[in-house]
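I opened this entry to look up a few features, one at a time. My notes follow below the picture.

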Amino acid sequence: EKDHSKSNVQVQLVGDRMVKAPMLRSMFSTLVHFPGYSLLLEGKDPVPPFINRRWRGRAQHCLEALQQLAVAQSSLQIPQIVYEDPEVSGRNRYKYFARPLIPYNKLLPLNVAYAMAKTEPVVHSALRDSNVFGPKLRTLGTQTDYRDGEAQTDPYSPEYVVPHGSIPELLTLATLTWGRELPAGLAEVEMIERAREKRAWEATLPAMDDTSQIAKRRKMMDDMERKEWAFREQEIEKLQEVRLEVLKKLLWRRVENQNELDAKRLNDHWQNHQKAKEEKIKKIQHDLLRKLIAKRKNVMGKLERRDIIKEYTDFASQTYAPLSRIGYFPDNHSERYVVKSFYLETFAGLCELEASLPESVTQVEIKAPTPKYTTTKTGFIKRAARLEVELAQVHQALLEKKNKIKEPKKPLRLLEKVEKPVPRPPTPILEKPSIEEEERELAVIYLQKLLRGRAIQNMMFEGKEKRLELIQELHTTHALQEDRQLLLKAEEQMTLALRQQYDLQMHKLSSVEKHLAREEGRVLANMFDFLSKELLRLQEERKIHAFVMLAERQRRMREAEESGRRQVEERRRKEEDEIFKQVVKMHQSTIDSYLEDIILSSMENTAEEQAREEVQRIAVEINDIAYEMESRRTRLQSEEIVAELVYSFLIPEAEKMSMREKVRQSQRKHIYAAHQIIHGDTESVVADLALHRETSASKTKGDPPAGTALSGTAAGPSAADSTPSAPAARELAQLCEESPGETAAKPSDGSDKDPAAS
């Protein structure tokens with residue numbers, strides 16, 4: 001029972017049933033006093049609830065004792081224990097189904113404990129002396145394949161002194177040591193940059209004593225806290241991705257190891273099969289070769305004589321090991337190996353054998369044992385002797401204590417105490433009962449006798465009823481009359497017939513019940529199996545839907561936050577890009593204009609110098625040619641030259657001027673209509689603005705003019721034309737410059753409008 005209770009406790013507290021349940025508030029915490037998970041017992045119990053967990057050894061012991069007693073005493077009858085049919089394939093089939101326990105990898109945080117630095121214990125021995133005084137052998141130099149940098153352990157860190165009132169930035173990195181975040185990588189550099197940004201941000205915080213800046217300080221701290229939480233979430237996501245990658249690698253490695261192990265097992269199995277096959281082939285070949293050699297010994301089938309010497313020299317021959325297939329059976333005629341001797345089978349032979357034996361065999365001589373020497377040559381007692389003496393003394397003391405008889409107490413020398421006898425109790429006096437009480441007592445006694453007799457009679461009757469079949473069996477054995485025997489036979493036949501009929505009926509009922517139970521069990525098992533699977537499917541579907549909803553909600557929130565941050569970043573990026581473009585454009589335009597001015601000026605100067613030189617050179621040549629032609633030219637040639645000049649220059653120029661005038665006359669009406677539309681709208685707008693300004697000015701002064709509207713209306717278009725706006729006047733001047741003839745012909749008041757032109 002104690003072992004049973006211990007095993008129950010061990011099963012309840014087994015480590016496999018402990019589950020790490022993460023806490024929502026501190027899920028990603030790594031602090032000891034603020035854990036991120038709690039240990040809980042798994043809810044599912046492998047033992048079904050209908051199985052009794054109590055110890056059942058006492059009832060089993062009692063049953064075994066009764067069975068042993070029944071073997072010794074045949075009169076004691078124990079009813080046989082009949083177990084009910086479990087009907088595994090029938091109606092109880094659903095009890096033997098369970099959901100498979102498929103293990104899975106739980107992604108939980110690991111408890112990491114760093115190893116403490118080991119200190120060398122103080123040794124008080126010769127080793128310490130050898131360490132102090134130096135070893136006997138010393139290595140002066142060694143040749144190695146490694147560099148000194150690879151053998152370097154920790155770099156040297158010199159001592160430093162910090163002046164009062166200064167906090168160097170390098171001291172903030174004092175927690176980084178060699179092997180732990182040193183040498184610094186990309187992550188450490190990012191951490192240092194974040195620390196610098198945080199110190200700069202702390203420097204920009206308003207003072208605590210300024211009450212007007214408390215709200216600003218709180219807002220800045222909230223923003224920084226949000227940034228830190230966002231950065232922390234990014235780090236957690238990165239860490240989770242790294243863990244997932246590591247887990248994938250581990251899974252791939254496990255699969256590869258399992259595949260390698262399976263391949264190795266298959267290879268070993270194949271090699272074992274190959275070895276067995278080769279051994280079998282070798283054995284077959286050896287047997288076949290041995291048979292072939294035996295056949296080839298006497299190929300011609302000649303008769304050979306028996307070589308007795310060869311048979312007796314070969315221990316594998318028929319002489320030493322005959323074969324049963326030849327007709328010799330070694331188990332037969334075993335009596336020939338029985339030893340038959342006159343000295344062992346007859347009394348006279350035994351007496352003669354005894355008389356022939358020496359006296360040392362029949363008469364035993366006993367020699368007294370020599371005492372063991374308990375002392376050495378030098379006179380000291382041996383350790384074994386001392387131990388034997390001590391053991392003998394202890395044994396004697398134990399025997400004396402065991403067989404010690406208590407000594408009687410000695411009487412007193414002077415006085416003896418006389419014990420007084422115990423006074424006897426007073427003799428009871430029995431009062432004589434009355435006659436009525438005596439008669440009542442006798443009546444009660446008689447009634448008790450009647451009840452006891454009736455009880456015994458009932459017990460006898462019950463025993464007779466219980467043993468009625470035995471009594472009838474005795475009657476059948478002692479019945480002598482033929483009629484009685486016939487009646488008994490008839491009763492026996494009737495009983496057997498009824499019994500057979502009852503057995504047939506029960507067999508039919510049991511077969512029908514078995515079929516019904518089997519069908520019911522199959523239907524119920526299928527139904528329960530379907531319902532359990534459907535329930536599991538619905539539960540899993542709801543869980544997955546809940547997870548999907550939570551994930552979708554979280555994704556939307558993150559997308560909203562990310563979209564907001566992205567919009568701000570894009571807007572800021574666009575502004576910065578536009579500013580940069582404008583600045584670059586301005587710089588580029590200034591540089592281009594500056595270079596263009598320099599190039600144009602240099603080109604103009606160069607072109608001017610080259611043109612002047614070329615013109616002077618050509619002028620000199622032309623003058624020479626002209627002087628020569630003048631000296632040789634006649635009057636007719638002079639008139640031809642003048643005619644060519646007139647035909648080439650004056651006539652084309654006159655044609656160009658006439659064409660320009662025609663085009664200008666055709667475009668004049670369209671330009672005039674456009675001028676009328678533009679200046680009519682602008683003049684009305686300018687008049688309205690002037691009227692509005694005058695009314696507002698009169699209202700501010702407090703004396704509104706009475707004739708404002710009248711003067712405005714009476715002035716008509718002339719007043720509106722007298723105050724044109726600056727842009728309209730500028731456009732009008734440009735148009736007049738383009739077409740001076742048209743503007744001169746156009747009226748200023750707009751009264752002579754041409755409807756056809758408009």
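**Entry 1: aromatic rings**

I started at Y320. At 40% relative accessibility, Y320 counts as partly exposed, because the partly exposed class runs between 20% and 50%. This is a predicted model, so I read confidence later on, in Entry 4.

Next I looked at the ring partner F315. The centres of the F315 and Y320 rings lie 5.0 Å apart. Their planes stand at 45 degrees, so I logged the pair as tilted. Is F315 buried or exposed? F315 has 61% relative accessibility and counts as exposed.

Then I searched the whole structure for aromatic pairs and found three. One of them joins Y312 and Y320. I noted 6.2 Å from centre to centre and 75 degrees between the planes. That pair is edge-to-face. Y312 has a relative accessible area of 45%, and I wrote it down as partly exposed.

How do these rings group? I found that Y312, F315 and Y320 form one aromatic cluster.

**Entry 2: helix α6**

I moved on to α6, which covers residues 214-297. I counted 84 residues in this helix. From its first C-alpha to its last, α6 reaches 121 Å. The expected value at 1.5 Å a residue is 124 Å, so the two are close.

Which residues of α6 are buried? I listed R217, M220, M224 and I236. I then checked what covers these buried residues, and the cover includes α5 (186-204).

**Entry 3: P86**

I looked for P86 and found it in a loop. The loop lies between α2 (57-72) and α3 (126-133). P86 is partly exposed, with a relative accessible area of 38%. Which residues does P86 touch, leaving out those up to four places away in sequence? I noted N92 and Y96.

**Entry 4: confidence**

I closed with pLDDT. The mean for the protein is 76. I also noted that 76% of its residues reach 70 or more.

Which element has the lowest mean pLDDT? I found helix α16 (residues 708-715), with a mean of 37. The highest mean among the elements belongs to α6, at 90.

I marked two stretches where pLDDT stays under 50. One is residues 102-134. For that stretch the model has 12 contacts beyond four places in sequence. Another is residues 735-758, again under 50 throughout. There I noted 23 contacts beyond four places in sequence.

Terms used
Residues numbered from 1 in each chain as written. Predicted model: local features only at pLDDT ≥ 70, side-chain atom pairs only at ≥ 80, totals over all residues. Heavy atoms only, no water. Helix = DSSP H or I, 4+ residues; strand = E, 2+ residues; numbered from the N terminus. Buried < 20%, exposed > 50% of the residue type's maximum accessible area, 1.4 Å probe, protein only. Contact = heavy atoms within 4.5 Å. pLDDT = per-residue confidence, 0-100. Phe/Tyr/Trp six-rings, centres within 6.5 Å; stacked < 30°, edge-to-face > 60°.
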